[in-house]
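Welcome! Here is a short tour for anyone meeting this structure for the first time.

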Amino acid sequence: MLKNIRIALWVAVAVSLVGVSVLLWRADRQERAAAFKPEFSLPDEAGTLHTAEDFRGKHVLVFFGFTNCPDICPTTMAEVAQVMDDLGPEAAEVQPVFISVDPARDRESGLGKYLSAFHPSILGLAGDEAATQAAVGSFKVFSERHEDASAPGGYTMSHSSSLYLLGPRGDWLRQFEYGTPADDITADLKERL
Amino acid sequence: MMNSTAAAFVLAAILPATAFAECVEVTQGNVTVSAAWSRATIGTERPAVFYVTVRNDGSEERLMGIETPVADVPMLHETVVENGAARMSYVEQIVIAPIDAVSLEPGGYHGMLMDLQTELVEGTTFPVTLLFEKSGPVTIDTAVLPLRAREAACEEAL
Ligand SMILES: [Cu+2]
């Protein structure tokens with residue numbers, strides 16, 4: 001009887017050891033899969049090119065959107081502005097970047113003025129179609145134009161709605177889903193800075 | 001004793017933050033409309049947004065559309081986030097179940113105010129008329145909040 005229990009316990013130990021190592025192996029794989037470097041090379045309103053490389057040493061918060069979107073894009077920019085305020089002096093180590101997925105229209109309508117109304121630190125980038133698609137692809141995100149008679153200008157964009165966080169070496173750290181409260185983003189950043 | 005003192009301090013600290021003005025509220029038929037707000041715009045080129053809370057104290061009600069003098073093309077829209085991608089589209093009507101409330105709020109239903117006739121200036125208000133199937137048109141003053149606003153600046157009557 002006792003012997004059976006002892007065997008059962010050893011089996012349980014063995015099973016859980018295997019389980020733990022599988023979990024560790026998976027976590028490691030995910031970590032390595034996540035360690036990629038998204039790239040972009042896009043101009044701001046003044047025509048100055050900015051690349052991911054320019055922000056080495058800083059954490060970069062990237063959002064893909066378009067300014068004709070009155071709901072989800074301003075709401076996210078408002079959260080980012082709150083995060084930048086709440087970071088206090090540490091805000092100097094974080095660069096928020098808005099990449100337009102509707103660059104032709106956004107270049108004309110004053111992207112810089114629009115974004116600085118949320119927070120002066122937010123950098124707006126709007127390139128040509130090819131450079132924009134390259135950035136979208138490199139981040140492994142999504143954007144697509146939809147013809148839509150009920151939208152201004154006859155079309156709307158669907159786009160990935162998360163905020164993406166790059167580390168000081170340009171490596172992908174994580175994403176914050178749409179609706180993540182500013183407090184949670186600030187807390188996450190403060191732990192990393 | 002200590003606890004109630006501590007509680008009083010906590011309250012004193014929290015109260016100013018939650019001491020919103022009461023929302024403008026309009027009741028007609030079975031519907032009560034409140035917490036109407038929008039964001040300031042820069043110029044008139046981009047569409048503005050309209051958020052509001054509708055409480056329905058009767059049988060099923062439907063919001064069929066909106067009208068406002070500030071925009072030539074006001075429309076009901078819904079933002080849907082699916083597999084991490086956001087898209088918004090026109091909705092013909094918004095159903096409000098009996099004895100229930102529906103909020104037009106960030107990330108969901110919203111009024112899309114296209115072809116703006118005037119810039120929306122922070123601190124001002126503008127009228128929006130909600131067209132209900134049973135209760136008829138209800139007009140409410142809509143507060144223009146800062147571009148950075150994330151919610152109504154008042155306590156809604158849910
Ligand atoms: Cu919309």
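The notes below go through the annotated site, the sheets, the meeting of the two chains and one further residue.

This is a predicted model, so every value here is computed. Chain A carries a three-residue site recorded in UniProt, and it meets chain B over a buried area of about 2500 Å². Chain B itself has one helix and 13 strands.

**The annotated site in chain A**

- In an unreviewed entry, UniProt lists A:C69, A:C73 and A:H159 under the feature "binding site".
- These residues span 91 residues in sequence, but no two of their C-alpha atoms are more than 10.5 Å apart, so they gather at one spot.
- From this set, A:C69 takes part in the lining of the largest cavity.
- Where along the chain does A:C69 sit? Look for A:C69 in the loop of chain A that runs between β3 (59–65) and α2 (72–87).
- A:C69 has a relative accessible area of 3%, under the 20% limit, so it counts as buried.
- Leaving aside residues up to four places away in sequence, A:C69 touches A:P74, A:Y114 and A:H159, and also B:M88 from chain B.
- A:C73, in turn, belongs to helix α2 of chain A.
- With a relative accessible area of 1%, A:C73 is buried.
- A:C73 is in touch with A:F63, A:G65, A:F66 and A:H159, again not counting residues up to four places away in sequence.
- A:H159 thus appears among the contacts of A:C69 and among those of A:C73.

**The sheet of chain A and its helices**

- Five strands of chain A make an open sheet in the order β5-β4-β3-β8-β9, and their pairing is mixed.
- Which strands stand at the edges? They are β5 (123–125) and β9 (172–176) of chain A; each has a single partner strand, so one side of each is left without a neighbour in the sheet.
- On average, neighbouring strands of this sheet are turned by 25° against each other, direction ignored.
- Within the sheet, β3(A) pairs with strand β8 (residues 163–166) of chain A in the antiparallel sense, over four bridges.
- One bridge to look for links A:L61 with its partner A:L165 in β8(A).
- Helix α2(A) packs on the sheet and touches β3, β4 (94–100) and β8 of chain A, with its direction at about 165° to that of β4(A).
- Helix α6 (residues 182–192) of chain A lies across β3, β4, β8 and β9 of chain A, and runs at about 165° to β9(A).

**Chain B and its strands**

- Read from the N terminus, the elements of chain B run α-β-β-β-β-β-β-β-β-β-β-β-β-β.
- Of the 158 residues in chain B, 42% are buried.
- Among the contacts in chain B with a separation of 6 or more, 69% are between residues 24 or more positions apart.
- Strand β12 (residues 136–145) of chain B pairs in the parallel sense with strand β3 (residues 31–39) of chain B, over three bridges.
- Strand β11 (residues 125–132) of chain B runs antiparallel to β12(B), and eight bridges join the two.
- β11(B) and β12(B) form a hairpin, with three residues between them.
- A:C69 aside, a handy residue to find is B:A143 in β12(B): B:W37 stands opposite B:A143, and B:A143 is also the bridge partner of B:T125.

**Where the two chains meet**

- How many residues of each chain are in contact with the other? Chain B brings 29 residues, which are in contact with 36 residues of chain A.
- Carbon and sulfur atoms give 56% of the area of about 2500 Å² buried between the chains.
- On the chain B side, B:R46, B:R148 and B:R150 lose the most area to chain A, together 30% of what that side buries.

**A closer look at A:D85**

- A:D85 lies in helix α2 of chain A, as does A:C73.
- Is A:D85 buried, exposed or in between? A:D85 is partly exposed, with a relative accessible area of 41%.
- Not counting residues up to four places away in sequence, A:D85 touches A:H119 and B:R148.
- A:D85 and A:D128 are 43 residues apart in sequence, and their C-alpha atoms are 32 Å apart in space.

Conventions:
Residues are numbered from 1 along each chain as its sequence is written. Chains are lettered from A and ligands numbered from 1 in the order in which they are written. This is a predicted model: local features need pLDDT of at least 70, side-chain atom pairs count only at pLDDT 80 or more; totals for chains, interfaces and linings use all residues. Side-chain values use heavy atoms; hydrogens and water are left out. UniProt positions are given in the numbering used here, feature names are shortened, and annotations may be inferred rather than shown by experiment. On a 1 Å grid over the protein atoms alone, a cavity is a set of points where a 1.4 Å probe fits but cannot get out, and a pocket is an open set with protein on both sides within 12 Å along at least five of seven lines; lining residues have an atom within 4 Å of a point. Buried means under 20% relative accessible area, exposed over 50%, partly exposed in between (1.4 Å probe, protein chains only). Contact means heavy atoms within 4.5 Å. Two strands pair if DSSP finds at least two bridges between them. Axes are lines fitted to C-alpha atoms, for helices over the stretch in contact, and angles run from 0 to 180 degrees between N-to-C directions. Buried area is the accessible area (1.4 Å probe) that two parts lose on being put together, summed over both.
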